[in-house]
Amino acid sequence: MISIKQIPVLNDNYIWMINVSEKYTAVVDPAIPEPVIKELKRNNWKLTHILNTHHHSDHTGANIQLKKDSNCKIIGPKADHDRIPGIDIFLEDQDEFEFGTEIVKVLDVPGHTKGHIAFHFPESEALFCGDTLFALGCGRVFEGTMEQMWESLTKISQLPKQTKIYCAHEYTLANGTFALTIEPNNEKLKFRMKNIKEKRNKGISTIPSTLEEEIDTNPFLRPDSIEIQENLSLVGSPLVDIFAKTRQLKDSFKIIENN
Ligand code: ZN
Ligand code: FE
């Protein structure tokens with residue numbers, strides 16, 4: 001089994017530290033080096049791997065510094081290897097590698113960026129998915145197409161339902177506020193949002209969630225919901241079109257703060 005630590009950095013990023021025994025420690029998407037170095041010291045661990053989901057600087061900003069300090073190996077998406085600082089190992093869909101006692105499986109999940117991968121630890125039932133699937137949301141489609149992003153989310157949704165979703169940002173409250181505008185009668189969503197508000201009021205993280213929760217409440221995995229289809233005036237349309245419309249609405253959604 002792996003142990004997973006959450007390191008909150010910048011405004012809303014999470015760096016995940018994954019450890020197996022004293023021999024193997026990885027960080028996923030290190031934005032900045034200092035909090036990683038501090039956490040390694042605190043546990044007396046040595047960094048052996050950096051796992052990058054995609055090239056954005058809030059996911060790779062510490063690569064060079066951490067590699068200099070620890071001589072760790074940097075693993076990232078083959079499709080974007082030229083944009084990942086210090087990368088050593090390029091991986092693509094269905095590649096596997098050993099991390100201590102665990103096998104890690106790679107999923108290609110492009111859309112947010114041209115190259116984007118997720119790291120699946122089947123034994124530990126954990127998925128590190130960067131900016132593809134968020135709790136109650138999904139990443140903005142910057143470099144890929146809506147079709148690609150929908151395909152990527154579909155791929156993730158086919159993993160075992162109890163899989164824990166370790167995404168890279170705490171966007172849950174804002175995502176849920178949007179979700180309620182297009183599926184206001186989803187009881188599970190309403191219940192989850194109540195819980196999320198309580199957590200955020202106390203400064204508690206909402207990540208990880210489970211894939212099951214996302215399938216039940218995340219609008220980007222629910223284009224087959226009749227309520228969403230009706231609210232988008234797209235009843236019976238292809239799922240990818242409903243997904244794309246949902247993404248467009250979220251892009252222009254502004255939360256109105258009422259004091
Ligand atoms: Zn990103
Ligand atoms: Fe990001």
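**Exercise 1. Give the strand order of the six-stranded open sheet and identify what is special about β1 and β6.**

Solution. The six strands of this open sheet are arranged as β1-β2-β3-β4-β5-β6, with mixed pairing. The model is a predicted one. Next, look at the ends of that order: β1 (3–9) and β6 (89–91) each have a single partner strand, so they are the edges and one side of each lacks a neighbour in the sheet. On average, neighbouring strands here are turned by 20 degrees against each other, direction ignored.

**Exercise 2. Describe how β1 is joined to β2, and what lies across this part of the sheet.**

Solution. Start with the pairing: β1 and β2 (residues 13–20) run antiparallel and are joined by seven bridges. One residue pair can be picked out, since V9 has N13 in β2 as its bridge partner. Then turn to the helix: α1 (residues 34–43) lies across β1, β2 and β3 (24–28). Its direction makes an angle of about 145 degrees with β1.

**Exercise 3. Determine which residues coordinate the zinc ion (ligand 1) and classify the site.**

Solution. Step one is the list of donors: H54 (NE2), H56 (ND1), H112 (NE2) and D131 (OD) coordinate the zinc ion at 2.2 to 2.3 Å. Along the chain, these donors follow the spacing H-x1-H-x55-H-x18-D.

Step two is the geometry. The angles among the four donor atoms run from 85 to 174 degrees. A tetrahedral site would need all angles between 85 and 135 degrees, and the site of the zinc ion is irregular.

Step three is the second metal. The iron ion (ligand 2) is 3.2 Å from the zinc ion, and D131 coordinates both. H54 and D131 link distant parts of the chain, 77 residues apart. H54 belongs to the loop between β4 (49–51) and α2 (57–60), whereas D131 belongs to the loop between β10 (126–130) and β11 (133–134). Both H54 and D131 are buried.

**Exercise 4. Find the buried residues of α3 and state how they are placed around its axis.**

Solution. In helix α3 (residues 63–70), the buried residues are N63, L66 and S70. Viewed down the axis of α3, they fall within an arc of 75 degrees, so they line one face of the helix. The general rule behind this is that an α-helix has 3.6 residues a turn, so residues three or four places apart point the same way.

The next step is to ask what this face meets: the buried residues of α3 pack against β3, α1, β4, α2 and β5 (73–77). After α3 comes N71, which has a positive phi near 60 degrees.

Terms used:
Residues numbered from 1 in each chain as written. Chains lettered and ligands numbered in written order. Predicted model: local features only at pLDDT ≥ 70, side-chain atom pairs only at ≥ 80, totals over all residues. Heavy atoms only, no water. Pairing = 2+ DSSP bridges. Helix = DSSP H or I, 4+ residues; strand = E, 2+ residues; numbered from the N terminus. Axes fitted to C-alpha atoms, helices over the stretch in contact; angles between N-to-C directions. Contact = heavy atoms within 4.5 Å. Donors = N, O, S within 2.8 Å, 3.2 Å for Na, K, Ca; no water. Tetrahedral: all angles 85-135°; square planar, octahedral: opposite > 155°, others 65-115°. Buried < 20%, exposed > 50% of the residue type's maximum accessible area, 1.4 Å probe, protein only. Arc of directions from axis to C-beta.
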